[in-house]
Amino acid sequence: MNFVAYIIIACEISFWAVIALGLTVRYVFKQKRLGLFILALIPLIDVILLLVTAIDLYHGATATVAHSIAPLYIGISLAFGKSMIQWADERFQYYVTKQGPKPIRRTGYPHAIHSMKGSLRHALAFAIGAPMILFVKWYIDAPERTYEFDNTLRLWAIILVVDLLISVSYFIWPRPKRATSK
């Protein structure tokens, strides 16, 4: 595994650690402003990842899967960041602090709409990450060093189409409610 892969792993761990720390400070220690400040530091993780990847490629590295994951990660973080924090916030309040409503399990059309919103966020992530990948390919201007980016774009496009098709399928075959036991 190369250095960039380790940085990606560290950034992912840092992302969730900062969320956990921010929510703990916010709800357990009742420091809402400090908790919000800690949560606002999350974009710095993306900046660090982007800088490390750019510097590595600038110094002549051949793009690997790890290099191509960095723009993907940044696109996903920007598109899904707020909703992931909200998801974690709801569960932290309910399961850790025993406050707030229980997170709901969506069924039927509300689930289909929620799924489609997620797919549209995925499309936004692609719209952010793909141009970053294409810019790096153009800037480096060495196809022999950036061919892995093409594989990533193809795979990501396929995954995005499958994601959209699954979301559309929920409108045709809505998720049923769970049977309750007596």
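## A quick tour of a six-helix chain

Let's start at one spot: Ser115 sits in helix α5, which covers residues 108–140. Keep in mind that you're looking at a predicted model. The protein chain around this serine has six helices and zero strands, so its pattern along the sequence reads α-α-α-α-α-α.

**Ser115 up close**
- Is Ser115 buried or exposed? Its relative accessible area is 15%, and because anything under 20% counts as buried, Ser115 is buried.
- If you skip the neighbours within four places in sequence, Ser115 is in contact with Ser167 and Tyr170.

**The whole chain**
- The C-alpha trace spans about 65 × 45 × 25 Å along its principal axes.
- The chain has 182 residues, and 38% of them are buried.
- Take the contacts with a separation of 6 or more: 75% of them link residues that are 24 or more positions apart.
- About 11,600 Å² of the protein chain is exposed, and 70% of that comes from carbon and sulfur atoms.
- There are 19 positive and 10 negative charges, and the mean positions of the two sets lie 21 Å apart.

**The nonpolar cores**
- In soluble globular proteins, nonpolar side chains tend to be buried together.
- Here, the largest nonpolar core has 24 residues, and Ile19, Leu23, Ile42 and Leu49 have the most contacts inside it.
- Which helices each supply at least two residues of this core? They are α1 (3–28), α2 (32–40), α3 (42–58) and α4 (65–96).
- Helix α1 gives the most to this core, with 11 residues.
- Ile19 makes a handy example: leaving out its neighbours within four places in sequence, Ile19 touches Leu39, Ile42, Ile85 and Ala88.
- There's also a second, separate core of eight residues, with Ala130, Ile140, Ala142 and Leu153 among them.

**Helix α2 and its two sides**
- The buried residues of α2 are Gly35, Ile38 and Leu39.
- Why do they line one face of the helix? Look down the axis of α2 and you'll see its buried residues fall within an arc of 100°, so they share that one face.
- Helices α1, α3 and α4 are among the parts that cover the buried residues of α2.
- Now flip to the other side of α2, where Arg33, Leu36, Phe37 and Ala40 are exposed.
- Leu39 is worth finding in the structure: this buried residue of α2 is one of the contacts of Ile19.

Key: Residues are numbered from 1 along each chain as its sequence is written. This is a predicted model: local features need pLDDT of at least 70, side-chain atom pairs count only at pLDDT 80 or more; totals for chains, interfaces and linings use all residues. Side-chain values use heavy atoms; hydrogens and water are left out. Helices (H or I, at least four residues) and strands (E, at least two) are DSSP runs, numbered from the N terminus. Buried means under 20% relative accessible area, exposed over 50%, partly exposed in between (1.4 Å probe, protein chains only). Contact means heavy atoms within 4.5 Å. Accessible areas come from the Shrake-Rupley method with a 1.4 Å probe; for residues, only the protein chains shown count as cover. Lys and Arg count as positive and Asp and Glu as negative; His and the chain ends are not counted. The place of a charge is taken as NZ of Lys, CZ of Arg, CG of Asp or CD of Glu. A nonpolar core is a set of buried Ala, Val, Leu, Ile, Met, Phe, Trp, Tyr and Cys residues joined through side-chain atoms within 4.5 Å. The arc is that of the directions from the helix axis to the C-beta atoms.
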